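This report introduces selected features of one protein model to a reader who has not seen it before. It treats helix packing, individual helices and a few single residues in turn.

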Amino acid sequence: MDPWQPSSWRDRPALQLPAYPDAQSLAAAERRLAALPSLIFPGEISQLRQRLAAVGRGEAFLLQGGDCAESFDELGEQPVESTFRVILQMAVVLTYAAACPVVKVGRIAGQFAKPRSSDTETAGGITLPSYRGDIVNGSEFSAAARQPDPARLLTAYSHSAATLNLLRALAQGGFADLHEVHRWTADFVRSSPQGERFEELADRITQSLAFMQACGFDAARAPQLHAVEFYTSHEALHLHYEQALTRLDAREQRWYGGSAHLLWLGERTRAVEGAHVEYLRGVRNPVGVKLGPTARPDDVLRLLEILDPLQEPGRIVLIARMGSDKVAQALPPLLRAVRDAGRAPVWCCDPMHGNTVTSSNGYKTRDFERILQEVRGFFAAHAQEGTYPGGLHFEMTGQDVTECRGGAQAVSDATLGERYRSACDPRLNGSQSLELAFLIADVLKAARRAPR
Ligand code: PEP
Ligand code: CO
């Protein structure tokens, strides 16, 4: 294979990148970024690789979730804290049911760039560049907002740094202590059936901790009870940004992407000869690859050869996003091809992106039932092929939004408009996320008992 440089992607066809009007100010922003400290450090990335290697061996489970796109306007602690606490809750539900460690990865602290199906958007007879995420331009439909602005690269860095700082505090500073499990439920969820079910679970956990303490187990000396490992991820779409944050580890003499722990390739940017694959093959981070229903076994194997020639445990997460009606057909051939090639990547299910529909009143939405159905289909396909269903990937928030239909709250077309806040894809709210975790916990428990 050709030698790799952080910039070698520039010789390849690059889809989904913005057309900046002023090359000089883009270059200046890139230089500024390159001089700033890395957000993530190699040791943390290696640790995530070890955790994902355990998932690949069937000894742990991956839970990845967060916004479709983060926004610069969401300032303050509330959005981050609420999403963090729901991921903790979901992880506890899954850990408890399946008696299996859960690796927690947020779509957070850097998820600012969006692929779009069209370069332009037309409204009221006016055509403007599409919104490509806050790292590129503004979502407002005006010529000024839609102009790609390189200064946004630096804002994305600052926003990511602030979010990461808060996440590290939440993960390490006492909030995530298992003794605090009762505090994780948001007020709007507390009185719901899921909230009550979670409180029962929290009671059982608290009793178990008290029991262990009474038996002489010293909780004060068990760091696992007082803090969690929480990792960040985003789609490595904006390659100017990713390149500027790529760092050489002096000790290992290897390159690391410094913008997040895990970086993924989107369904639209995984072309074997494309710029995004070229960039990701050279960094040591775990790499996710979204796979839609048109992915062919040969393409997947080729991608694996390029991204993971040495078959290193914990390097690859294949994220299937087939759609609830296609998963049973489309997934098994991929599982077979990868298995027969002797590979055991982490297989993760994104039940969101193949299930997006438009409501009767024009909202982009997703149905709770179809999300659940795709998850079940994913588990069934793995049971059929004797492979391990290693994880789940959700677009979700801890906030009380009304963006996906269904769930116990029964969000409907009529209520979607009440609190629809996403500038991009619809997210599960805190209550729907927890409800889904309870429903999936039983499936996971059964899957982990099945012989492989
Ligand atoms: C996403 O995860 O937000 C996304 C755009 O996904 P995909 O590449 O699978 O369409
Ligand atoms: Co999305």
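## Packing of α7 against α15

In this predicted model, helices α7 and α15 cross in a left-handed sense. Helix α7 covers residues 193-214 and helix α15 covers residues 430-449; their axes lie 9 Å apart and form an angle of about 55°. That angle makes α7 oblique to α15, because the oblique class takes in angles that are not under 35 degrees, not over 145 and not from 65 to 115.

On the α7 side, the residues that meet α15 are Q194, R197, F198 and L201. Their counterparts in α15 are S431, L434, E435 and F438. Sorted by class, this contact between α7 and α15 comprises 4 nonpolar, 2 polar and 2 charged residues.

## Packing of α13 against α15

Helix α15 also packs with helix α13, which runs over residues 368-385. The axes of α13 and α15 cross at roughly 20° and come within 11 Å. The two helices are therefore roughly parallel to each other, since angles under 35 degrees are counted in that way. The crossing of α13 with α15 is right-handed.

From α13, the contact is made by F368, I371, L372, V375, R376 and F379. From α15, it is made by Q432, E435, L436, L439, I440, V443, L444 and A447. By class, the contact of α13 with α15 holds 11 nonpolar, 1 polar and 2 charged residues. E435 of α15 is listed in the contact with α7 and also in the contact with α13.

## Helix α7 and its surroundings

How far should the 22 residues of α7 span at 1.5 Å a residue? The expected value is 32 Å, and the end C-alpha atoms of α7 are 32 Å apart, which agrees. Just after α7 comes G216, whose phi is positive, at about 105°.

Several residues of α7 are buried, namely Q194, G195, F198, E199, L201, A202, I205 and L209. The elements that cover these buried residues include α3, α6 (187-190), α8 (223-226) and α15. Q194, F198 and L201 are thus among the buried residues of α7, and they also take part in the contact with α15.

## Helix α3 and the residue after it

Helix α3, which is among the elements covering α7, consists of 21 residues, 78-98. From its first C-alpha to its last it reaches 30 Å, close to the 30 Å expected at 1.5 Å a residue. Of the 21 residues of α3, 16 are buried, so the helix is largely enclosed by the rest of the structure.

A99 follows α3 and is placed in the loop between α3 and β2 (102-107). Is A99 buried or exposed? With a relative accessible area of 67%, A99 is exposed, because the exposed class begins over 50%.

## Positive phi outside glycine

Most residues other than glycine have a negative phi. A99 is not a glycine, yet its phi is positive, at about 50°. Q311 likewise has a positive phi of about 50° although it is not a glycine.

Q311 is located in the loop between α11 (297-307) and β10 (316-320). Its relative accessibility is 39%, so Q311 counts as partly exposed.

## Three further residues

G58 occupies the loop between α2 (42-56) and β1 (61-66). G58 is buried, having a relative accessible area of 7%. Although G58 and Y388 are 330 residues apart along the chain, their C-alpha atoms are separated by 6.1 Å.

H240 belongs to helix α9, residues 239-244, and is buried, with a relative accessible area of 9%. Which residues is H240 in contact with, leaving aside its neighbours within four places in sequence? They are W9, R10, L17, L26 and E30.

A143 is part of helix α4, residues 143-146. With 54% relative accessibility, A143 counts as exposed. A143 and A176 are 33 residues apart along the chain, and their C-alpha atoms are separated by 44 Å.

How values were computed. Residues numbered from 1 in each chain as written. Chains lettered and ligands numbered in written order. Predicted model: local features only at pLDDT ≥ 70, side-chain atom pairs only at ≥ 80, totals over all residues. Heavy atoms only, no water. Axes fitted to C-alpha atoms, helices over the stretch in contact; angles between N-to-C directions. Helix = DSSP H or I, 4+ residues; strand = E, 2+ residues; numbered from the N terminus. Left-handed = near helix turned anticlockwise from the far one by under 90°. Contact = heavy atoms within 4.5 Å. Nonpolar A, V, L, I, M, F, W, Y, C, P; charged D, E, K, R; others polar. Expected span 1.5 Å × (residues − 1). Buried < 20%, exposed > 50% of the residue type's maximum accessible area, 1.4 Å probe, protein only.
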